[in-house]
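Work through the exercises below with the sequence and the coordinates at hand, and try each task before reading its solution.

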Amino acid sequence: TVPCTPHELPVEQWDPNGVYACLANSTKHVSLPVWHPDGFRYTIELAAIVAGGYEALRKRPLISAIASVFSPLMMDDMYTNIQLMAVDYGIPLIPTTAPICGATAPITLAGGILLANVEALEGVILSQLAKPGAPVLYADAISVADPMSLSAAPGAAEMGLINAAGAQMAQYYKIPIYSTSGMTDAKIPDIQAGYEKALSSLIVALSGANYIHDAVGLLGFGTTVCYEQYVIDDEINGMIMRIVRGIDVNEDALAADLIKSIGPRGAFCNLKHTVKHLRTELFIPRVSDREPTRDVWLAKGGKDTREIARERVKKILQSHKPAPIPADIDKQIRESMPNIVYKDSN
């Protein structure tokens, strides 16, 4: 998902410039929170140029459109037209609903889940009425209100529960889901950010959600992007994906004959079986401290997670080589789309 919005530009330029920044630095698919109909048209044109034409874009969409459904139970003209535009051009649609239990949805979790389900199906049904078979996701970003302020509290324990329920509803309808977890109310990469992110992401991932957004790099209810938090979240999510993968049970993994051959008081650290499975069976952290004692940790600098993450960020920024848009295609974009002001890594 496009992580930042270029608010220094006119609103109709937010969408194409945000997507251009992503396409100019990554080969991954880009999900776009759409802000303006004209901006979305420009973005589709941009994606078509990069893809090699509109038909090529239909066959392999480089972007998907996040277009909001407003709680409770409202689809406004602008976003409804944006959804229909996405369907018309074959852009995968993510008609996101984001009710807040206690504010724009019932305070009871079951009531909020029911409302979110109805709203999520609104966009799905609209897309299929417009064009049967159009690519669309069940999109749920439900949250809860803080009882003291009524503002959304994305780090609340209930966030994991209700978004896990959304994932189960999507599975009931057999539709892929755009889910939410890994958010936090914390303003810096601290202990609060760690436990809020890890708890919600783990339960939502285990529930079967197959597209989880807002889970990387964001702080303060998504109002801040933090490089160190990207690195820490990569660690958290790597551990979660290892848990989701589960335990392989087969003859080689059980290693019964190996256990028998080694026998009492034996060791397994120097065996071919260990070398074979070492890098695939266990998650190998890049940020977490695993020094055996506090003395060893102190001797190596006594760095906390945020310090280690900051050092890793510096190394990545110094050594990373992005995959830019080819120069000839970038030239075509510049000539035909003067509203693209972002400069790529070339």
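Two strands count as paired here if DSSP finds at least two bridges between them, and the model to which this criterion is applied is a predicted one.

**Exercise 1. An open sheet**

Determine the strand order of the open three-stranded sheet and identify its edge strands.

Solution. Step one is the order, which is E5-E7-E8 with parallel pairing. Step two is to ask which strands pair on one side only, and these edge strands are E5 (138-139) and E8 (212-213). Step three examines one of the pairings: strand E7 (residues 177-180) is joined to E8 by two bridges, and the two strands run parallel. Within this pairing, Thr180 has His213 of E8 as its bridge partner.

**Exercise 2. The surroundings of strand E2**

Describe how the side chains of strand E2 (residues 63-66) are arranged, and find the strands with which E2 pairs.

Solution. Begin with the general rule that side chains in a regular strand alternate between the two faces of the sheet. In E2, Ile63 and Ala65 point one way while Ser64 and Ile66 point the other way, and all of these residues are buried. Next, take the pairing with strand E1 (residues 30-33), which runs parallel to E2 and is joined to it by four bridges; here Ser64 is the bridge partner of Ser31. Then turn to strand E3 (residues 93-94), which pairs with E2 in the parallel sense over two bridges, with Leu93 of E3 standing opposite Ala65. Finally, follow the chain from E2 through helix H4 (residues 77-89) to E3, and the three elements are found to make a right-handed β-α-β unit.

**Exercise 3. A covered helix**

How many of the ten residues of helix H1 (residues 14-23) are buried, and what covers them?

Solution. Applying the cut-off of under 20% relative accessible area for a buried residue, one finds that nine of the ten residues qualify, which leaves H1 mostly covered. Among the buried residues are Trp14, Val19, Tyr20 and Leu23. Their cover includes the strands E1 and E2, together with helix H2 (37-51) and helix H14 (327-336).

**Exercise 4. A nonpolar surface patch**

Locate the residues of the nonpolar patch on the surface and state which helix gives the most to the patch.

Solution. The patch is formed by Leu206, Met241, Ile243 and Val244, which together have about 370 Å² of accessible area. Assigning residues to helices, one places Leu206 in helix H7 (residues 191-206), whereas helix H8 (residues 227-245) gives the most, with three residues.

Methods. Residues numbered from 1 in each chain as written. Predicted model: local features only at pLDDT ≥ 70, side-chain atom pairs only at ≥ 80, totals over all residues. Heavy atoms only, no water. Patch = residues over 30% accessible without salt bridge, like charges linked within 9 Å, V, L, I, M, F, W, Y side chains within 5 Å. Areas by Shrake-Rupley, 256 points an atom, 1.4 Å probe, with all protein chains shown as cover. Salt bridge = Lys/Arg side-chain N within 4 Å of Asp/Glu carboxyl O. Buried < 20%, exposed > 50% of the residue type's maximum accessible area, 1.4 Å probe, protein only. Right-handed = clockwise from strand over helix to strand, strands pointing away. Contact = heavy atoms within 4.5 Å.
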